[in-house]
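Here is a short briefing to keep beside you at the bench. Have a look at the chain, then read through the points by topic.

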Amino acid sequence: MLRVIVSHAKKHPALIPLFLIIGSGGVGAGLYLMRLAMFNPDVSWDKKNNPEPWNKMSPSDQYKFYSVNVDYSKLKKDRPDF
């Protein structure tokens, strides 16, 4: 596949920016999926030691990718422990 892309880029140099943009979009999507799989509290990889990781989240943990006008370090716990 890479050989075909390189041969098309040699024949048509105007396609190089398109290949770079599509490639960086694919890499960015892959990195975002990897971030979701590793750091999202909804995903449990170790069901024996930590079967419900969402219950061990403190209010000061930021698990959203982007939060607008919310300072997670100042939040207090308002729910019971289970």
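This is a predicted model, and buried residues account for 9% of the protein's 82 residues. Its secondary structure consists of two helices and zero strands. The notes below go from the whole chain to a few residues worth finding on your screen.

**Overall picture**
- About 7500 Å² of the protein is exposed, and 64% of that area comes from carbon and sulfur atoms.
- Of the contacts between residues at least 6 apart in sequence, 11% join residues at least 24 apart.

**The annotated span**
- UniProt, in an unreviewed entry, lists residues 12-34 as "transmembrane region".
- In the model, residues 12-34 are 83% helix and 0% strand.
- The C-alpha atoms at the two ends of this span are 34 Å apart.

**A nonpolar patch and Phe39**
- Which residues make the nonpolar surface patch of about 820 Å²? They are Val27, Leu31, Met34, Met38, Phe39, Val43 and Trp45.
- Among these patch members is Phe39, which is found in helix H2, residues 16-39.
- Is Phe39 buried or exposed? Phe39 counts as exposed because its relative accessible area is 65%, and the cut-off for exposed is over 50%.

**Ala37 and its contacts**
- Ala37 is also a residue of helix H2.
- With 24% relative accessibility, Ala37 is classed as partly exposed, because that value falls between the 20% limit for buried and the 50% limit for exposed.
- Which residues does Ala37 touch, once neighbours within four places in sequence are left aside? Ala37 is in contact with Val43 and Trp45, and both of these residues belong to the nonpolar patch.

**Glu52, after the helix**
- Glu52 sits in the segment that follows H2.
- Glu52 has a relative accessible area of 40%, so it is partly exposed.
- How far apart in space are Glu52 and Asp42, C-alpha to C-alpha? The distance is 8.3 Å, and the two residues are ten apart in sequence.

Methods: Residues numbered from 1 in each chain as written. Predicted model: local features only at pLDDT ≥ 70, side-chain atom pairs only at ≥ 80, totals over all residues. Heavy atoms only, no water. UniProt positions renumbered as here; feature names shortened; annotations may be inferred. Helix = DSSP H or I, 4+ residues; strand = E, 2+ residues; numbered from the N terminus. Buried < 20%, exposed > 50% of the residue type's maximum accessible area, 1.4 Å probe, protein only. Contact = heavy atoms within 4.5 Å. Areas by Shrake-Rupley, 256 points an atom, 1.4 Å probe, with all protein chains shown as cover. Patch = residues over 30% accessible without salt bridge, like charges linked within 9 Å, V, L, I, M, F, W, Y side chains within 5 Å. Salt bridge = Lys/Arg side-chain N within 4 Å of Asp/Glu carboxyl O.
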